[in-house]
Amino acid sequence: MCKHCFTEKKIEMKTVFTVEYNDCIIVVKNVPCFECPVCGEVTFSDEVSAKLEIIVSAAKKLMQEISVIDYTKAA
């Protein structure tokens with residue numbers, strides 16, 4: 001259920017997750033998510049959220065101006 005508009009069903013799809021960190025941008029593409037077809041709210045499963053934390057933490061150590069990471073290859 002969508003926490004924003006209370007629509008019952010969300011659609012399983014993939015999205016792009018972006019983080020700004022110390023004047024750098026980290027982009028993780030192909031991230032599995034659930035999207036509300038009415039309002040567009042995106043949520044992640046607990047497992048995907050945990051993997052995103054690991055991926056972003058690793059990217060922060062590289063400190064490139066822009067990092068683009070494919071979730072399917074990094075998770």
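The following exercises, each with a worked solution, concern a predicted model of a protein chain.

**Exercise 1. Overall build**

Determine how many helices and strands the chain has, and in what pattern they follow one another.

*Solution.*
Step 1. Counting the elements gives two helices and four strands.
Step 2. Reading along the sequence places them in the pattern β-β-β-α-β-α.
Step 3. To describe the extent of the chain, one takes the principal axes; the C-alpha atoms fill a box of roughly 40 × 25 × 15 Å.

**Exercise 2. Surface and contacts**

State what share of the residues is buried, and what share of the accessible surface belongs to carbon and sulfur atoms.

*Solution.*
Step 1. The chain has 75 residues, and 27% of them are buried.
Step 2. The accessible surface comes to about 5300 Å², and carbon and sulfur atoms hold 53% of that area.
Step 3. Contacts add a further view: among those with a separation of 6 or more, 52% are between residues 24 or more positions apart.

**Exercise 3. Charges and salt bridges**

Find how many salt bridges the chain contains, and identify the residues that form them.

*Solution.*
Step 1. Begin with the general principle: side chains of opposite charge can pair when their charged atoms come close.
Step 2. The chain carries 9 positive and 11 negative charges, whose mean positions are 5 Å apart.
Step 3. A salt bridge requires a side-chain nitrogen of Lys or Arg within 4 Å of a carboxyl oxygen of Asp or Glu. By this rule the count is two.
Step 4. One salt bridge joins E41 and K10, with 3.3 Å from N to O. This pair links distant parts of the chain, 31 residues apart: E41 lies in the loop between strand 2 (24-35) and strand 3 (42-43), and K10 in the segment before strand 1 (11-21). E41 is partly exposed, at a relative accessible area of 22%, whereas K10 is buried, at 16%.
Step 5. Another salt bridge joins E47 and K51, with 3.2 Å from N to O. Both residues belong to helix 1 (residues 46-62); they are four residues apart, so about one helical turn separates them. E47 is exposed, with a relative accessible area of 52%, while K51 is partly exposed, with 29%.

**Exercise 4. Cysteines without a disulfide**

Explain why C5 and C36 are not bonded through their sulfur atoms.

*Solution.*
Step 1. A search of the whole structure returns zero disulfides.
Step 2. The cut-off for a disulfide is a pair of cysteine sulfur atoms within 2.5 Å.
Step 3. For the sulfur of C5, the closest cysteine sulfur is that of C36, at 3.5 Å; this is too far for a bond, and therefore the pair is not counted.
Step 4. The surroundings of the two residues may then be compared. C5 is partly exposed, with a relative accessible area of 28%, whereas C36 is buried, with 1%.

**Exercise 5. The setting of C24**

Establish where C24 is found, whether C24 is buried or exposed, and which residues C24 is in contact with beyond its neighbours within four places in sequence.

*Solution.*
Step 1. C24 is found in strand 2.
Step 2. The relative accessibility of C24 is 10%, and the cut-off for a buried residue is under 20%, so C24 counts as buried.
Step 3. Leaving aside neighbours within four places in sequence, the contacts of C24 are V19, M63, Q64 and E65.
Step 4. One of these, Q64, is 40 residues from C24 along the chain, yet their C-alpha atoms are separated by 6.6 Å.

Note on methods. Residues are numbered from 1 along each chain as its sequence is written. This is a predicted model: local features need pLDDT of at least 70, side-chain atom pairs count only at pLDDT 80 or more; totals for chains, interfaces and linings use all residues. Side-chain values use heavy atoms; hydrogens and water are left out. Buried means under 20% relative accessible area, exposed over 50%, partly exposed in between (1.4 Å probe, protein chains only). Contact means heavy atoms within 4.5 Å. Accessible areas come from the Shrake-Rupley method with a 1.4 Å probe; for residues, only the protein chains shown count as cover. Lys and Arg count as positive and Asp and Glu as negative; His and the chain ends are not counted. The place of a charge is taken as NZ of Lys, CZ of Arg, CG of Asp or CD of Glu.
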